[in-house]
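Visitor: I should like to understand how the terms used for this model are justified. May we set each value against its definition?

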Amino acid sequence: MSETTINPELNDQAARIRDVINGQRDHIKQQLTELVSYNSVHNEPSCEQDCAAAGAWVKSAMTEVGLDVREEKTADGSLAYIGTKHVSDTAPTVLLYCHYDVVPAGNPDLWVSGAFELTERDGRWYGRGTADCKGNVVMHFAALRAAEELGGAKCNITMLVEGSEERGGEGLDDLIKRHPELFEADTIIIADTGNVAVGVPTITTSLRGGAQVVVTVDTLRTQVHSGGFGGPAPDATFALMRIINSLRDESGAVTIDGVDCTRQWEGVGYDAETFRSDAGILDGVDILGDSTQIASQLWARPAISVTGFSSTPVAHAVNAVPNTAQAKLNLRIPAGLDSHDVVAKLEAHLRAHAPWGVKVDIEVSDVNQPFQGNTGRTLVSDCLGAAYGKDVEFCGTGGSIPLCTALQEAYPDAEIVLYGVEEPLCTIHSPNESVDPTEIEAIATAEALYLLNRS
């Protein structure tokens, strides 16, 4: 391990904790195996039993580590579990967050091994949720066990595990509004991000906000024969493609009229070759925009992806001019910009770039604000550095965790920190999601170290 600027006493403590965590390796793997076995997709008709079973597993595991557990049914029908351990009235409170729901596994044929059977290959553990976020769930438990074995946490602990984060987490947002006293804390640790690479301790300091935007273009009362009308008849699919094309310049960089799409990221960079590998870009295919500005494109500028497009399916194509076409755009908004303002300017841009007087309808949903956290050195960053034996990097992430903004609004004086077991090789939300077990152990070591020193 390289030398760090971390307090030597923390380094010594981290070594002792690391030994304790390493001794839990089989326990950690068994817990993750059990939790991954549940197909806990919230609000999916075929998954209700697995969601309930995963929640019951979480509640039992929280009790086993000495937490007093409260079960809350949220407004979206999911179950959230709040576990507490009180040390003293004068001690600070640390809230540990994670979630037990997952995204759908998708086509089983794309998985090398079963999505709900934890499988070890080449030193990694594969299965849906191994990283996002069940790996973080078992990481918290490992940290709590280690802290207890080494004398007990110096702070009061609240552990929050929700069951609908991947479907927007509206239930938890509502619960925070109705019962803010349940989540009050001096430090809030969101374990749902991760390192820029395996073995590189990283704190996420910003999250994109976002919105879903559905654009519908109509041009004709109905489809018309392309032989009799093709050419002058306005093609709705062509019109929609023209509109979407206006959202990127010649280099492929995103551009929205009236929005600054040139802002710079000041934290850790993201080199082009690493990004190509992490993103799985095919040989010969260019990175969009300026390949020297990848970090800025990801974490300082808006991004737009076409996540759905509807016209006449190729299998059903006939010789007719399309009269309607629709696209779903996923908008990501960096910290420093207001989501509602960017959405309004995007709507204006889409209408302004609509050709030929076509009819444009725009529906916006799931608007959420970006998050900006602390970028300075703190006890949390020192503990992460001691656990890894190297200084911490600071990065942004393109994902959205609306909970962070809700908690920041409810508790403006709380320190909110984001880290976790995820890193690019995990390929979360994709087939063959995986986690490096050494990341679970290292993050758990850092968290236990923090709990033993936060007073």
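Visitor: Why is phenylalanine 309 called partly exposed?

Guide: Phenylalanine 309 has a relative accessible area of 38%. Buried means under 20% relative accessible area, exposed means over 50%, and partly exposed lies in between, with a 1.4 Å probe and protein chains only. The value of 38% falls between the two limits, so phenylalanine 309 is partly exposed. The residue is found in strand β11, where a strand is a DSSP run of E of at least two residues, a helix is a run of H or I of at least four, and both are numbered from the N terminus.

Visitor: On what basis are such values given?

Guide: The model is predicted, and local features need pLDDT of at least 70, side-chain atom pairs count only at pLDDT 80 or more, and totals for chains, interfaces and linings use all residues. Residues are numbered from 1 along each chain as its sequence is written, and side-chain values use heavy atoms, with hydrogens and water left out.

Visitor: What makes the nonpolar surface patch, and which elements supply at least two of its residues?

Guide: Phe238, Met241, Val306, Phe309 and Trp356 make the patch, which covers about 510 Å². At least two of its residues come from each of α7 (236-245) and β11 (303-310). Patch residues have over 30% relative accessible area and no salt bridge; nonpolar side chains (Val, Leu, Ile, Met, Phe, Trp, Tyr) are joined within 5 Å, and like charges within 9 Å. The areas come from the Shrake-Rupley method with a 1.4 Å probe, and for residues only the protein chains shown count as cover. Phenylalanine 309, at 38%, therefore meets the area condition of over 30%.

Visitor: How do you know that lysine 59 forms a salt bridge with glutamate 71?

Guide: Their closest N and O atoms are 3.6 Å apart. A salt bridge is a side-chain nitrogen of Lys or Arg within 4 Å of a carboxyl oxygen of Asp or Glu, so the pair qualifies. The pair links distant parts of the chain, 12 residues apart: lysine 59 belongs to helix α3 and glutamate 71 to strand β1 (residues 68-73). Lysine 59 is partly exposed at 33%, and glutamate 71 is partly exposed at 40%. By this rule the count comes to 11 salt bridges.

Visitor: Why is glutamate 72 called buried?

Guide: Glutamate 72 has a relative accessible area of 11%, which is under 20%, so the residue is buried. Glutamate 72 forms a salt bridge with arginine 70, the closest N and O atoms being 2.5 Å apart. Arginine 70 is partly exposed, at 38%.

Visitor: What makes aspartate 174 and arginine 178 a salt bridge, and where do they lie?

Guide: The closest N and O atoms are 2.7 Å apart, which is within 4 Å, and the pair therefore qualifies. Both residues lie in helix α5 (residues 170-178), 4 residues apart, about one turn of the helix. Each counts as partly exposed, aspartate 174 at 26% and arginine 178 at 43%.

Visitor: What makes a space a cavity, and how many of 30 Å³ or more does the search find?

Guide: On a 1 Å grid over the protein atoms alone, a cavity is a set of points where a 1.4 Å probe fits but cannot get out, whereas a pocket is an open set with protein on both sides within 12 Å along at least five of seven lines; lining residues have an atom within 4 Å of a point. The search of the whole structure finds 1 cavity of 30 Å³ or more. The largest cavity has a volume of about 80 Å³, a volume being the space filled by probe spheres set on grid points joined across faces, edges and corners. Its lining has 13 residues, and Ile203, Asn374, Glu415, Ile416 and Val417 lie nearest its centre. Strand β17 gives the most to this lining, with 4 residues.

Visitor: Why is valine 421 called buried?

Guide: Valine 421 has 0% relative accessibility, which is under 20%, so the residue counts as buried. Valine 421 lies in the loop between β17 and β18 (434-435). Valine 217, in strand β9 (residues 209-218), is buried as well, with a relative accessible area of 0%.
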